[in-house]
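Work through the exercises below with the sequence and the model open. Each task is followed by a solution in steps.

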Amino acid sequence: MVAGAKGAPVTVEAVQVPDPGPGEALVAVQACGVCHTDLHYREGRINDQFPFLLGHEAAGVVEAVGDGVDAVAPGDFVILNWRAVCGRCRACRRGKPWYCFDTHNASQSVRRSDGTALSAALGIGAFAEKTLVHSGQCTKVNPAIAPEIAGLLGCGVMAGFGAAINTGGVTRGDSVAVIGCGGVGDAAIAGARLAGATTIIGIDLDPGKLRWATAFGATHTVNAREADVIDAIRACTGGFGADVVIDAVGRPETWRQAFFARDLAGTVVLVGVPAPEAMVPDIPLLKFFGRGGALKSSWYGDCLPERDFPMLVELHLQGRLPLEKFVSETITLDEVETAFTKMERGEVLRSVVLLPAPS
């Protein structure tokens, strides 16, 4: 699935996938979610390195590996990740590899039939029957989970879940507010519920999304068209504000709401990706000083794939994490453009492309 030019509809094309070189793995993709980030690539909002091979929220089976690869082997069922840590940079040496500053991608490129190199979305490019990645981008998990569910852990679900658990540090008894109840926001709600938060408030403009939030564990919902968000969150928390407020939208107005809707010494977590031109709203510095707490951004849910993906898979298989609720529909590759439209309209949490099994 190729995005050939800024804003142009995506096309299904034949591509050439090289054999894996040193440190690389060839993966037969079984399922790949349609994520907002793919749409950002198509629209040129991330960079202008067209043409792009889209798709990154994926699971599949390793077909072959290159020299020096021992963490995965042919036949392994894996979830692909876009932050394969190096183990050597200053963040990794400090014991904080989720901040790795030198993550790995495959050295070789997938190419069009005319030889043109394709830029892989987030270093993965999984809207394809096969893709080539760095072996560190493959996380082996229990194959009992359905591929269309597993792949979602590779991006959106992990981002939201990790924003609550890893970045926000939500724990038992906390109050949590989540602004934006799409896939990432609902994953944050599910994570907060699993962590033992007792008050979980979902905020959105869309009544349908608020129903989704309730299904994932929100104890309260707020329609931002009908109520002042800050006042509503305080009303749900005894007048104090929430211990953790997660902004899953990433707009200046939602970040400002998050800032003022937290309790004293509370935490704000920004996980929604802002537009390049978005600016932090004017807030008196004294307000920051007086409220204390922490203002954080969450990169990929501050996750370690080899630690977090297998854990979340097992929680799902135990019936404790309803990942299946994120899958609104399964589609074929030639339906991705329609899925983008549904996503922009807020009609789906996730459309997931199912790829045919290798013949």
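The model is predicted.

**Exercise 1. An aromatic pair**

Task: Classify the ring pair formed by phenylalanine 216 and phenylalanine 326, and state which parts of the chain it links.

Solution. A pair of aromatic rings is described by the distance of the centres and the angle of the planes. Start with the distance: the ring centres of phenylalanine 216 and phenylalanine 326 are 4.3 Å apart, and the cut-off for a pair is 6.5 Å. Next take the angle. The planes stand at 35°; under 30 degrees would count as stacked and over 60 as edge-to-face. The pair is therefore tilted.

Now place the two residues. Phenylalanine 216 belongs to helix H6 (residues 207–216), while phenylalanine 326 is in the loop between helix H10 (305–317) and strand E17 (329–331). They are 110 residues apart, so the pair links distant parts of the chain.

Finally, check accessibility, where buried means under 20%. Phenylalanine 216 has a relative accessible area of 3% and is buried. Phenylalanine 326, at 2%, is buried too.

**Exercise 2. Other contacts of rings**

Task: How many aromatic pairs are there by this rule, which residues form a cluster through ring pairs, and what sits over the ring of phenylalanine 259?

Solution. The count comes to eight aromatic pairs. The cluster consists of Tyr41, Phe50 and Phe52, linked by ring pairs. Over the ring of phenylalanine 259 sits the charged end of arginine 262, 4.7 Å from the ring centre.

**Exercise 3. The surroundings of Phe50 and Phe52**

Task: Describe the peptide bond that joins phenylalanine 50 and proline 51, then place phenylalanine 52 in its sheet.

Solution. The bond between phenylalanine 50 and proline 51 is cis, with omega about 0°. Proline 51 is located in the loop between helix H1 (36–42) and E4. Strand E4 (residues 52–53) runs parallel to E8 and is joined to E8 by two bridges. Within this pairing, phenylalanine 52 is opposite serine 119 of E8.

The sheet is open and has three strands in the order E1-E4-E8, with mixed pairing. Its edge strands, strand E1 (2–3) and strand E8 (119–120), each pair on one side only.

**Exercise 4. An enclosed strand**

Task: Is strand E12 (residues 199–204) enclosed or exposed, and which strands does E12 pair with?

Solution. Count the buried residues: six of the six in E12 are buried, so this strand is largely enclosed by the rest of the structure. Then separate the faces. In a regular strand the side chains alternate between the two faces of the sheet. In E12, one side carries Thr199, Ile201 and Ile203, and the other carries Ile200, Gly202 and Asp204; both faces are covered.

Next, follow the pairing. E12 is parallel to strand E11 (residues 175–179), with five bridges; here serine 175 is opposite threonine 199. E12 is also parallel to strand E13 (residues 220–223), with four bridges. In that pairing isoleucine 201 has histidine 220 as its bridge partner.

Last, take the connections. A right-handed β-α-β unit is made by E11, helix H5 (residues 183–195) and E12. E12, H6 and E13 also make a right-handed β-α-β unit. H6 is the helix that holds phenylalanine 216 from Exercise 1.

**Exercise 5. Two positive phi values**

Task: For alanine 265 and tyrosine 300, state where each lies and whether each is buried or exposed.

Solution. Alanine 265 has phi near 65°, positive although the residue is not glycine. It is part of strand E15 (residues 262–270), and its relative accessibility of 57% makes it exposed. Tyrosine 300 also has a positive phi, about 55°. Tyrosine 300 is in the loop between strand E16 (294–297) and H10, and at a relative accessible area of 4% it is buried.

The two strands named here are partners: E15 and E16 run parallel and share four bridges, with valine 268 opposite leucine 295. The chain passes from E15 through helix H9 (residues 285–291) to E16 in a right-handed β-α-β crossover.

**Exercise 6. A pocket**

Task: What is the volume of the second largest pocket, and which residues lie nearest its centre?

Solution. The volume is about 250 Å³. The lining has 15 residues, and those nearest the centre are Ser135, Gly136, Cys138, Thr139 and Glu306. Strand E10 (138–140) and H10 are the elements that give two or more residues to this lining.

Definitions and conventions. Residues are numbered from 1 along each chain as its sequence is written. This is a predicted model: local features need pLDDT of at least 70, side-chain atom pairs count only at pLDDT 80 or more; totals for chains, interfaces and linings use all residues. Side-chain values use heavy atoms; hydrogens and water are left out. Rings of Phe, Tyr and Trp (its six-membered ring) pair if their centres lie within 6.5 Å; planes under 30 degrees apart count as stacked, over 60 as edge-to-face and the rest as tilted. Buried means under 20% relative accessible area, exposed over 50%, partly exposed in between (1.4 Å probe, protein chains only). A charge sits over a ring if NZ of Lys or CZ of Arg is within 6 Å of the ring centre and within 35 degrees of the ring normal. Two strands pair if DSSP finds at least two bridges between them. A crossover is right-handed if, with the strands pointing away from the viewer, the path from the first strand over the helix to the second runs clockwise. On a 1 Å grid over the protein atoms alone, a cavity is a set of points where a 1.4 Å probe fits but cannot get out, and a pocket is an open set with protein on both sides within 12 Å along at least five of seven lines; lining residues have an atom within 4 Å of a point. Grid points are joined across faces, edges and corners, and a volume is the space filled by probe spheres set on the points.
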